[in-house]
Amino acid sequence: MRAPNLPALIAVGHAFCGVAASFDLPIAARIDGIASDSTAVVYNQTGPVLIGNDGGAASGGFHTFAISNTTNLTETHHRTPGRTKLVNTVYGIGGKDLIVTIAQPDSFFRLYDAITAEQIGEPLARTLGDWSALCVWRSQSSGEQYLYLFGKKQAVQFLIRAAHDSVEIVEIQTFQTPVEASSCAVSPSAPAVFFSGDDDTRIYAFNATESTQVPDITIFGEAESDVTGLAVYVGKGSDYLFVAQTDVVTVYNKSFDSLGSVTLIGDDDIEVKGLNIFQSKANSYPVGFLTYAVESDSGEGFGLSSLEGIFDHVDLQINTAYNPRKLPCKPEVSVCSECSSSGFCEYSVHSYDQLTCSCFAGFTGDTCESFNCRNDCAGHGVCVGANQCDCDEGWGGLYCAFKTVKPVAETDANGADGDDPAIWISPINKTMSRIITTTKSEIGAGFAVFDLTGKKLQTITAAEPNNVDVIYNFPAGDRVIDLVYAACREDNTLCLFEIYQNGTLGSISGGVQPTKEDYDVYGSCVYRSRTTDKQYLFVNAKTAEYLQYELSWNDTSRTLETTLVRNFTGGSGGQVEGCVSDEANGWVIIGEEPRGLWRYGAEPNDASEGFLFAEVGDGHTYADVEGVTLIEGTTANDGFILVSQQGVSAYNVHRRAAPHEYVETFTTVENTEKSVDAVSNTDGITAIGTSLGSAFPHGLIVVHDDSNQLPDSGTSDETSFKLISLGDILSDDLLAELSPDWDPRS
């Protein structure tokens, strides 16, 4: 893909629809049973090594596999720093080849020897966020190596280098991207970085440069279907872009003409992602192989296919002499001591003696000799390094901007993939109230019921419920009952169960209600109209389409029934999930994951426009916006809206009253005294301000924890939910706006 510059290629960047031949490509070797997302390869004198991430809870980290002449991949190492999506390799850093990972539970980079898989040094360069793609680029002019880390509509560029007998990762800059990248690849010849997002046919690109200037991102072209993976084959004269689209991999030349495509075969319903390429000679693979994370009918794991099967049918120049360790013959200095090794050295085109320093993120001064911190550590800490804050007691998160709180308890571990909690208030004794949670994975799918200590009392099977809500005082013939409601993803239905007086769940006639045809349910919430006293169920799809159903009881057939009464698009059309209603004000608050919080009228005849009151990028709101809950106050203007933010594992508090001004952000830290770990990659949230006895006199918050760390070590395969005292979050003045005697049945 050698070209004068990236914009010069844009004119041909849309030629993805060229007609080219397609052939079958067998999966040559495979291993299953691993939650897989990405692959990398190691060029090793003793033979190539495949590296694959592990997104499992207990097994999270990465695996290495020896490539042999069999159809099996032989595991050589398994490291478990925590649930991990991303893995890649860099070469010749301090004389070593390295595996680079970033674990989801703590957002630290970790480096491992590429040969022994032993960790090198301590975790470093914590970069808080939910990251989804990782690429490596070696500058062909300077030989320096860079990482591009992509996440929630943003990317971070780092320099990785040897420093004082160790390795350091230094942030160069952070910049915004139009989508959350799910895959990326680097063409060293262009040089350019390519990336794509989930459920998106577009491929984006920008120049890879040694500069602190924000890159110009362009839509470089569109594939015929959604892109699931990208990789670059380094040619002799130019590079080739491999684009995965479910089970098809298409190869494009430097003009982005399609040279041909292959369809992976060997199982049914194949989908590949996380592509990488080994382009040297190996046993049974004379021209190298293509690696990928694969999911199909036989399971989930990693696989590879011979490049020979591609080159036999596609007109490519084979380059098995490629060497990822190769350095430029006459390297140009890009990072120099004159800029304190903390910035790029930019020389005048008129005189080599005229030097200007372009400082890396967090460095300042004419020669980048000083450091500073974003937002001055929010006034709650001391800046001790470039964007490195030493936070005051009780503060943490992004640059000390989040209040920290210790969970006081957690639920027993349950289910493989939990999502959302709800609190049911007992009509008999508030201390006998219950926590109801969902498991949306196939393993353990259903609801679980816990007491206020977190002890599991019951599980009941359901069709992969996602968000959960409680309905109080529902008239069912001659009875008045409580119900639990969730959208069930396995069969795209509305799931309802009766809640008995002791807080356990039981089936009810009509407890499985259909949605409309070709509709994939996602999130949900409930609303009781103060105008008509009718009960409504909201359900949404990832497409942002909301359906509102009226829930009623048929006295003749003695069963629940639903009637569709409204259909609308929530937010700006981005993926939605969490929602909560404010019955006293007639609102429904919805979360658009990449955008923010919206308020709509909740009555079925309401056609008013949505009101966006918290937006990602406003200085307080971070993607993904997930669970939303309402804490009722003494009046319709009192109380608070709480929202979980998955990318930073933190929670924002907004006032209930319009315009819903921001109050504060909090995050969790480990409670060592009670052996309760901090929350990571959070999802659902629920909260009430009702006094639940001595354990929670001011109310309770329950939040989802994705990585349930065990007290001794390791991570549980099952999810837990953390219990937080509301009194540890809100000040006395704010608590005074709530009613400890609030009763949802009154």
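Cys 339 is buried (under 20% relative accessible area, with exposed over 50% and partly exposed in between; 1.4 Å probe, protein chains only), at 0% relative accessibility. The model is predicted: local features need pLDDT of at least 70, side-chain atom pairs count only at pLDDT 80 or more, and totals for chains, interfaces and linings use all residues. Residues are numbered from 1 along each chain as its sequence is written, and side-chain values use heavy atoms, with hydrogens and water left out.

**Disulfides**

- The count comes to nine disulfides, each a pair of cysteine sulfur atoms within 2.5 Å.
- Cys 339 and Cys 357 form one of them, with sulfur atoms 2.0 Å apart.
- The torsion about the S-S bond of Cys 339 and Cys 357 is about -90 degrees, so this disulfide is left-handed.
- Cys 357 is buried as well, with a relative accessible area of 15%.
- Another disulfide joins Cys 377 to Cys 389, S to S 2.1 Å.
- Cys 377 is buried at 0% relative accessibility, whereas Cys 389 is partly exposed at 22%.

**Nonpolar cores**

- The largest nonpolar core (buried Ala, Val, Leu, Ile, Met, Phe, Trp, Tyr and Cys residues joined through side-chain atoms within 4.5 Å) has 32 residues.
- Ile 436, Phe 447, Val 484, Leu 505 and Leu 700 have the most contacts inside this core.
- A second, separate core of 27 residues includes Ala 40, Leu 50, Tyr 285 and Phe 302.

**Val 294**

- Val 294 is buried, with a relative accessible area of 1%.
- Among the residues that Val 294 touches (heavy atoms within 4.5 Å), not counting residues up to four places away in sequence, are Ile 27, Ile 270 and Phe 302.
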